Amino acid sequence: MTSVAADQHRWQHDDSAVTDSGLIRLLDAHRSQQQIAFLLRALHVPACTLQAAGEQVSRLELAQALNMLLFEKLLREVPDAKAYVADAMQADQRMHFDHGALRTVLAGNTGLLPAGSEAIVRILRPLGYVQNGLYPLERLRMTGRTYGHADAPEEIAQFFVSELHADQFSPEFQAAVARVVGTSLDPLDADAQALLAQLEQAGQLPMAAAQGLLPVLLSCFERQHELPTLADYELLRGESAEMAWIATEGNVFNHATDRVADVEAVAAHQRALGRPMKDKIEVSRNGRVRQTAYRACTVVRPMRDEQGNVVQKTVPGSFYEFISRARYIDEQGVERLDLSFDSGNAQGIFKMTAGDQNTSARTAL
């Protein structure tokens with residue numbers, strides 16, 4: 001076992017070794033010991049994020065804390081993911097959180113929220129993330145951008161932030177987009193923005209400030225706009241399943257992804273268990289990235305009818321993905337993990353939230 005692997009093994013299996021780390025202090029301010037223990041058992045936690053606690057918290061520690069809470073949130077919302085993780089934990093295996101994906105809208109009116117990917121990227125930059133990929137998603141009239149952590153790109157989960165181009169759709173669609181996301185509020189107040197600016201400049205924050213900022217960052221991954229009307233939802237769904245999804249879910253994680261050694265074997269096993277797997281394995285053009293996913297779970301979301309009454313509608317929710325990444329030798333002769341994505345793969349995965357066009361609405365009791 002190499003020294004790095006030995007360190008990771010020690011951190012992963014000796015809970016006393018991480019008790020007084022900065023990362024655990026961040027989590028401890030918002031989660032119970034039982035909840036933190038679950039996260040440490042469920043997830044591979046890089047040793048580089050488990051440094052002894054001090055007065056300052058690094059951007060790396062804050063990024064890892066946020067990612068762990070985002071992963072926890074997705075498990076609460078996706079039953080198949082929760083079951084998969086429970087199986088893995090029973091077998092003493094941990095998830096290697098590869099990336100999380102979310103959707104944004106580039107439109108003329110997004111309320112108080114910055115338009116498009118900037119709504120999220122303004123958070124990622126201070127946390128140490130840098131853009132490392134640009135992926136046209138022409139069939140969906142979207143653009144995907146990926147962000148990896150500058151301090152530990154192979155260890156810290158990446159973000160896949162997609163941006164829907166509202167101006168490429170019909171005038172009626174654009175008007176519905178404006179009615180929906182034009183009501184958005186900004187979850188970042190002046191104090192949070194000042195702390196992010198400080199973090200971006202210094203690369204660290206005082207512990208108390210970081211603890212206070214963490215739940216604000218988490219709140220950025222939610223629906224920020226008011227309830228859509230049923231009519232607007234149906235209009236949006238008629239042209240873009242992705243925009244309809246944004247109308248109900250906003251900027252929540254569309255999916256989280258487990259990095260596995262053999263995605264084909266994982267898919268076959270999950271299918272044998274009767275879980276709702278995607279039929280196809282998506283393979284990148286260079287052959288080094290292979291991915292598949294569960295089909296999106298079904299959720300019930302509130303909307304408003306023509307009279308303004310709240311109705312409940314069954315719609316697609318989030319899902320869980322699996323990815324295998326091969327190592328390669330780059331042009332400088334350095335061995336690297338292929339952290340890239342593929343436009344074709346991404347558009348195939350996006351179909352998981354297309355949903356059933358026959359879902360119906362009912363008035364809430």
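**Figure 1. Contacts of Arg 31.** Leaving out residues up to four places away in sequence, Arg 31 touches Ile 36, Leu 69, Glu 72, Arg 76 and Leu 218 (contact means heavy atoms within 4.5 Å). The model is predicted: local features need pLDDT of at least 70, side-chain atom pairs count only at pLDDT 80 or more, and totals for chains, interfaces and linings use all residues. Residues are numbered from 1 along each chain as its sequence is written, and side-chain values use heavy atoms, with hydrogens and water left out. Arg 31 sits in the loop between helix H2 (22-28) and helix H3 (33-42); helices (H or I, at least four residues) and strands (E, at least two) are DSSP runs, numbered from the N terminus. With a relative accessible area of 17%, Arg 31 is buried (buried means under 20% relative accessible area, exposed over 50%, partly exposed in between, with a 1.4 Å probe and protein chains only). The side chains of Arg 31 and Glu 72 are joined by a polar contact of 2.8 Å. A polar contact is a pair of N or O atoms within 3.5 Å; within protein, one must be able to donate a hydrogen and the other to accept it, and residues adjacent in sequence count only if both atoms are side-chain atoms.

**Figure 2. The salt bridge between Arg 179 and Asp 232.** Side chains of opposite charge can pair when their charged atoms come close. A salt bridge is a side-chain nitrogen of Lys or Arg within 4 Å of a carboxyl oxygen of Asp or Glu. By this rule the model has 25 salt bridges. In the one shown, the closest N and O atoms of Arg 179 and Asp 232 are 2.7 Å apart. Arg 179 belongs to helix H7 (residues 171-181) and Asp 232 to helix H10 (residues 230-239), so the pair ties together parts that are 53 residues apart in sequence. Arg 179 is partly exposed at 45% relative accessible area, whereas Asp 232 is buried at 7%.

**Figure 3. The salt bridge between Lys 313 and Glu 234.** The closest N and O atoms of this pair are 3.2 Å apart. Lys 313 is in strand E11 (residues 310-316) and Glu 234 in helix H10, so this salt bridge links parts that are 79 residues apart in sequence. Lys 313 is buried, with a relative accessible area of 1%, and Glu 234 is partly exposed, with 29%.

**Figure 4. The salt bridge between Arg 295 and Asp 279.** The N to O distance in this pair is 3.3 Å. Both residues lie in loops: Arg 295 between strand E9 (289-293) and strand E10 (298-304), Asp 279 between helix H12 (263-272) and strand E8 (282-283), so the pair ties together parts that are 16 residues apart in sequence. Arg 295 is partly exposed at 35% relative accessibility; Asp 279 is exposed at 66%. Elsewhere, Arg 31, Glu 72 and Arg 76 are joined into one network by salt bridges that share partners.

**Figure 5. Two loop residues with positive phi, Asp 92 and Arg 141.** Asp 92, a residue other than glycine, has a positive phi near 60°. Asp 92 is found in the loop between helix H5 (79-90) and strand E2 (97-106) and is partly exposed at 48% relative accessibility. For Arg 141, also not a glycine, phi is positive and near 55°. Arg 141 lies in the loop between strand E3 (129-137) and strand E4 (142-149) and is partly exposed, with a relative accessible area of 30%.

**Figure 6. The open sheet of eight strands.** The strand order is E3-E4-E5-E2-E7-E12-E9-E8, and the pairing is mixed. E3 and E8 are at the edges with a single partner strand each, so one side of each has no neighbour in the sheet. Two strands pair if DSSP finds at least two bridges between them. Strands E7 (residues 255-259) and E12 (residues 319-325) run parallel and are joined by five bridges. Thr 257 has Glu 321 in E12 as its bridge partner.

**Figure 7. Leu 62 in the largest nonpolar core.** A nonpolar core is a set of buried Ala, Val, Leu, Ile, Met, Phe, Trp, Tyr and Cys residues joined through side-chain atoms within 4.5 Å. The largest has 97 residues, and Leu 62 and Tyr 320 have the most contacts inside it. Helix H4 (residues 59-77) gives the most to this core, eleven residues. Not counting neighbours within four places in sequence, Leu 62 is in contact with residues including Leu 26, Val 57, Leu 127 and Ala 210.
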